[in-house]
Amino acid sequence: RYMLGILELELDKPDDAVKDLSKYLESRADDAHAIETLAAALGRLHKPEEALAHLQGVLAGASAQPKQQALAAVLLLQADKPAEAEKAAPAAAPIYGTILRALARKAQGQPYQPLVDSLDGVEGDIEQESGEILNDLTYLLGKEAGNAWLLDQFTKLQEGLPVSRVLSMARSRVLYGLERYQDAIALLEPL
């Protein structure tokens, strides 16, 4: 059932994935990866509240991973709960955690430019975090839909502010995921 759910998510059949993952979790209720995948399938079905309800147990545990916290922050942003999204953003992911906190503050109408400005001085590895956070987020949210949503959010975050090298690199990674290579090059060349 778990493998069926993963394959169905890969084939962008979130309804089927929800059914099979839910059935699997009846006997393996503590499987964090299955819960994370179920939450992603529900997110793809535009049911962020239900997705978050499943994810809460994983997030409350001591072994919650930054990618799961990032998924929760995105789902909270999509559910129009930016204050909660700001709290959920992963502290252990200094780059993407900061970006998600900035998105949450912007959605709340609070000052977010200091967070964007701080990105270029953050002690973190954009490539490592992209592999650990961004790649999982876009897989879980759906390659096209997830990347498109993130690109839109990251672009709006940069609008009207001085160019952030790190945010531009994050945006180029999203463009790469969308196979918009020329756009990614155009974003990186000025850096």
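L100 is in contact (heavy atoms within 4.5 Å) with A70, A73, V74, L77, A89 and P90, leaving aside neighbours within four places in sequence. The model is predicted: local features need pLDDT of at least 70, side-chain atom pairs count only at pLDDT 80 or more, and totals for chains, interfaces and linings use all residues. Residues are numbered from 1 along each chain as its sequence is written, and side-chain values use heavy atoms, with hydrogens and water left out.

**Nonpolar core**
- The largest nonpolar core (buried Ala, Val, Leu, Ile, Met, Phe, Trp, Tyr and Cys residues joined through side-chain atoms within 4.5 Å) has 59 residues.
- L100 is among the residues with the most contacts inside this core, along with L55, L71, Y96, I99, F154 and L157.
- Helix 5 (residues 66-78) gives the most to the core, with eight residues; helices are DSSP runs of H or I, at least four residues, numbered from the N terminus.

**T37**
- T37 sits in helix 3 (residues 32-44).
- T37 counts as buried (under 20% relative accessible area) because its relative accessibility is 6%.
- Not counting residues up to four places away in sequence, T37 touches I6, L9, L21 and L140.

**Aromatic pairs**
- The structure holds three aromatic pairs (ring centres of Phe, Tyr and Trp, the last by its six-membered ring, within 6.5 Å).
- One of them, Y2 with Y24, is tilted (planes neither under 30 degrees nor over 60 degrees apart), at 5.3 Å centre to centre and 35 degrees between the planes.
- Y2 lies in helix 1 (residues 2-10) and Y24 in helix 2 (residues 14-27), so the pair ties together parts 22 residues apart in sequence.
- Y24 is buried at 14% relative accessible area.

Conventions. Helices (H or I, at least four residues) and strands (E, at least two) are DSSP runs, numbered from the N terminus. Buried means under 20% relative accessible area, exposed over 50%, partly exposed in between (1.4 Å probe, protein chains only).
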